Amino acid sequence: MDDRNTKSGDDDNLKDLSPSNRRGAITEAVMATGTVRIEELSDRFAVSRMTIHRDIEALKERGVLRRTRGTVTAVASSLFEASLEYRSRQQLAEKASIAACAAELVQPGDAVILDDSTTGLSIANRLVKCQPLTVISNFERVLNLLKTKPPIKLISTGGEYSQLCDAYIGTVTLNTLRNLAADIYFMSAAAIVGDVCYHPEQDIVLVKQAMLRAARKKILVVDHSKFARRSLHAIASIQNLDMVIVDSNIDSQDVQRLRQTGVEVRLTDT
């Protein structure tokens with residue numbers, strides 16, 4: 001088959017889409033490459049730049065995409081976390097291996113805290129085999145996944161719902177965590193700089209810190225890509241954690257820095 005004919009057919013399918021379907025297609029296009037120029041989107045979907053700008057603004061308000069100087073991006077920065085939809089597509093093999101290792105640390109009867117991370121969602125999928133269990137989370141996707149598993153006792157933190165991260169934040173969330181005592185917290189982070197875990201959203205940082213205080217054992221679960229990123233707000237020093245689980249694609253120098261903190265480091269195969 002002629003690739004040019006296939007490409008032309010694909011472009012024709014993008015024309016005359018409804019606004020909702022076009023925005024979904026725009027999201028897919030940006031997620032696939034990370035960054036796309038606005039002019040390119042206008043040409044691709046055969047609509048005016050004004051229409052594309054309206055679409056992008058709608059997606060921006062939903063926390064799906066971000067716009068910077070003529071481009072649209074789904075990549076995290078030091079000030080912004082990437083959209084949940086984008087993160088859920090990244091490092092899938094690494095997250096699966098980390099989740100398998102994490103689930104082995106859970107014993108029946110444990111109370112486990114999971115935060116609003118896609119790695120935590122992978123862990124939640126594995127916890128079904130660890131019943132009976134109590135799972136505490138502020139992440140709506142974890143709550144929806146496990147609410148149909150009766151042997152698992154599910155505790156929602158409640159609080160102010162954030163569409164950006166599909167999770168609960170704020171005073172109610174913090175008060176709930178203040179009154180709980182769990183066995184394990186599997187903590188995520190957007191970036192690791194030196195021996196400190198970071199996240200771009202201060203409200204999320206406060207929730208993670210409350211989860212740390214509520215758990216007896218504190219385990220960082222991150223893939224290797226987090227060691228090449230920067231972020232704004234400090235969550236905690238790695239030396240105050242009990243363990244780090246990371247995939248084996250991590251740079252050897254990063255492994256050395258982790259071990260110098262005295263924390264136990266487990267590398268997973270992908």
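This is a short walk through one structure, which is a predicted model.

I'll start with the bigger of the two sheets I want to cover and then move to the smaller one. The first is an open sheet of seven strands, and the pairing is parallel. Reading across, the order is β6-β5-β4-β9-β12-β14-β15. Which strands stand at the edges? They are β6, residues 152–156, and β15, residues 264–268. Each has a single partner strand, so one side of each is left without a neighbour in the sheet. From one strand to the next, the twist averages 20 degrees.

As an example of the pairing, take β4 and β9. Strand β4 covers residues 111–114 and β9 covers residues 182–187; three bridges link them in the parallel sense. V112 stands opposite I184 of β9. As a general reminder, strands of a sheet pair through backbone hydrogen bonds, either parallel or antiparallel.

Two helices on this sheet deserve a mention. Helix α6, residues 92–103, packs on the sheet and touches β9, β12, β14 and β15. Its direction makes about 145 degrees with that of β14. Helix α10 lies across β4, β9 and β12, and runs at about 130 degrees to β12.

That brings me to the interior. The largest nonpolar core has 60 residues. Which of them touch the most other members? Those are L114, L127, F186, C197, L220 and I245. The element that gives the most to this core is helix α10, residues 202–214, with seven residues. For a closer look, take C197. Setting aside neighbours within four places in sequence, its contacts include M187, I192, L220, H233, I238 and L241. There is also a second, separate core of 15 residues, with A25, I56, V72 and A74 among them. In general, nonpolar side chains in soluble globular proteins tend to be buried together.

Back to the seven-stranded sheet for one residue, S137. This serine sits in strand β5, residues 133–137. S137 is buried, with a relative accessible area of 0%. Beyond its neighbours within four places in sequence, S137 contacts L114, D115, V142, L143, I155, S156 and T157. Just ahead of that strand, the loop between α7 and β5 holds P132. The peptide bond joining Q131 and P132 is cis, with omega at about -5 degrees.

At the other end of the sheet order, look at D269, in the segment after β15. Buried or exposed? D269 is exposed, at a relative accessible area of 67%. Apart from neighbours within four places in sequence, D269 is in contact with S97 and S248. D269 and N249 are 20 residues apart along the chain, and their C-alpha atoms are separated by 8.3 Å.

Now the smaller sheet. Three strands form an open sheet in the order β1-β3-β2, and the pairing here is antiparallel. The edge strands, β1 at 35–37 and β2 at 66–68, each pair on one side only. Here the twist averages 25 degrees from one strand to the next. Strands β2 and β3, the latter residues 71–73, are joined by three bridges, and R66 stands opposite T73 in β3. The loop between β2 and β3 contains R69. R69 has a positive phi of about 45 degrees although it is not a glycine, and R69 is exposed, with a relative accessible area of 85%.

Helix α3, residues 38–45, lies across β1, β2 and β3, at about 75 degrees to β1. The loop between α3 and α4 holds A46, another residue other than glycine with a positive phi, near 55 degrees. At 48% relative accessibility, A46 counts as partly exposed.

Last item, helix α4, residues 49–61. The helix has 13 residues and reaches 18 Å from first C-alpha to last, close to the 18 Å expected. Which residues of α4 are buried? They are T51, I52, D55, I56 and L59. These cover an arc of only 135 degrees around the axis, which puts them on the same side of α4. The face turned away from that buried side carries M50 and E61, which are exposed. The general background is that an α-helix has 3.6 residues a turn, so residues three or four places apart point the same way.

That's the tour; I'll take questions.

Terms used: Residues numbered from 1 in each chain as written. Predicted model: local features only at pLDDT ≥ 70, side-chain atom pairs only at ≥ 80, totals over all residues. Heavy atoms only, no water. Core = buried A, V, L, I, M, F, W, Y, C linked by side-chain atoms within 4.5 Å. Buried < 20%, exposed > 50% of the residue type's maximum accessible area, 1.4 Å probe, protein only. Helix = DSSP H or I, 4+ residues; strand = E, 2+ residues; numbered from the N terminus. Contact = heavy atoms within 4.5 Å. Pairing = 2+ DSSP bridges. Axes fitted to C-alpha atoms, helices over the stretch in contact; angles between N-to-C directions. Expected span 1.5 Å × (residues − 1). Arc of directions from axis to C-beta.
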